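Work through the exercises below with the sequence and the structure open. Try each task before reading its solution.

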Amino acid sequence: MKKYLLLLVFTLTFFMVDAQSETSLLKQIDDQVWKPFMNSFGKRNDTTFQSIHSREVARISVDDNSIIDFDEYFKKLPDSTLTRYEVWKSSIEIRHLKRIVSPEQAFETGYYKTTSQNTQTREKRTGYGKFTVLLRKENGIWKIFMDSDANEGTDEAVFQTGKIIQY
């Protein structure tokens, strides 16, 4: 009996430690990738936005049937586009469906919701999509290695089914 009780305690301890390490890794990812991603998206902080992506990133737009690399993804925008960004203030929310993590790599899927408002006319636009990312640690820091998204009929109801990042 003591043998089985000891085995049960060992098994429970193993799963608790494993769950804690997964929770710790997900918190690292949230702090190093998702929080800066959402913050830099809204503030149009290109430096921060670029810094959370691997230099080897593959950016896949399913709707456009395209795959681009880091340089193409982060081309400098023409001045006329920058003026448009000053007029339209944007934000993004992320909701996760699946998060699979190991100490050096992660796979995540979920939904996003973008909201933009024209500062002059007050016109508001909302968009939705589904994302898939592969993350990896580079020099101890989590980076987006592959980023794919598509509209796939995503709307507010579908977006709400995802899990909110806990701050």
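A residue is called buried under 20% relative accessible area, exposed over 50%, and partly exposed in between (1.4 Å probe, protein chains only). The model is predicted: local features need pLDDT of at least 70, side-chain atom pairs count only at pLDDT 80 or more, and totals for chains, interfaces and linings use all residues. Residues are numbered from 1 along each chain as its sequence is written, and side-chain values use heavy atoms, with hydrogens and water left out.

**Exercise 1.** Decide whether Asn65 is buried or exposed, and state where Asn65 lies.

Solution. Step 1: the relative accessibility of Asn65 is 73%, so Asn65 counts as exposed. Step 2: Asn65 sits in the loop between strand E1 (53-61) and strand E2 (66-68); helices (H or I, at least four residues) and strands (E, at least two) are DSSP runs, numbered from the N terminus. Step 3: E1 and E2 make a hairpin with four residues between them, and in its turn Asn65 has a positive phi of about 55 degrees. Step 4: most residues other than glycine have a negative phi.

**Exercise 2.** Do the same for Asn139.

Solution. Step 1: Asn139 has a relative accessible area of 83% and is exposed. Step 2: its place is the loop between strand E5 (124-138) and strand E6 (141-150). Step 3: the phi of Asn139 is near 55 degrees, a positive value in a residue other than glycine.

**Exercise 3.** Give the strand order of the open sheet and explain what is special about its edges.

Solution. Step 1: two strands pair if DSSP finds at least two bridges between them. Step 2: seven strands form the open sheet in the order E2-E1-E6-E5-E4-E3-E7, with mixed pairing. Step 3: E2 and strand E7 (163-164) are the edges; each has a single partner strand, so one side of each is left without a neighbour in the sheet.

**Exercise 4.** Find the sense of pairing of E6 with E5 and of E6 with E1.

Solution. Step 1: E5 and E6 run antiparallel and are joined by nine bridges. Step 2: E1 and E6 pair in the parallel sense over five bridges. Step 3: take Asp147 in E6. Val133 has Asp147 as its bridge partner, and Arg59 stands opposite Asp147.

**Exercise 5.** Which element gives the most residues to the largest nonpolar core?

Solution. Step 1: a nonpolar core is a set of buried Ala, Val, Leu, Ile, Met, Phe, Trp, Tyr and Cys residues joined through side-chain atoms within 4.5 Å. Step 2: the largest one has 23 residues; among those touching the most other members are Ile29, Leu135 and Trp142. Step 3: helix H1 (2-43) is one of the elements that give two or more residues, and H1 gives the most, with seven.
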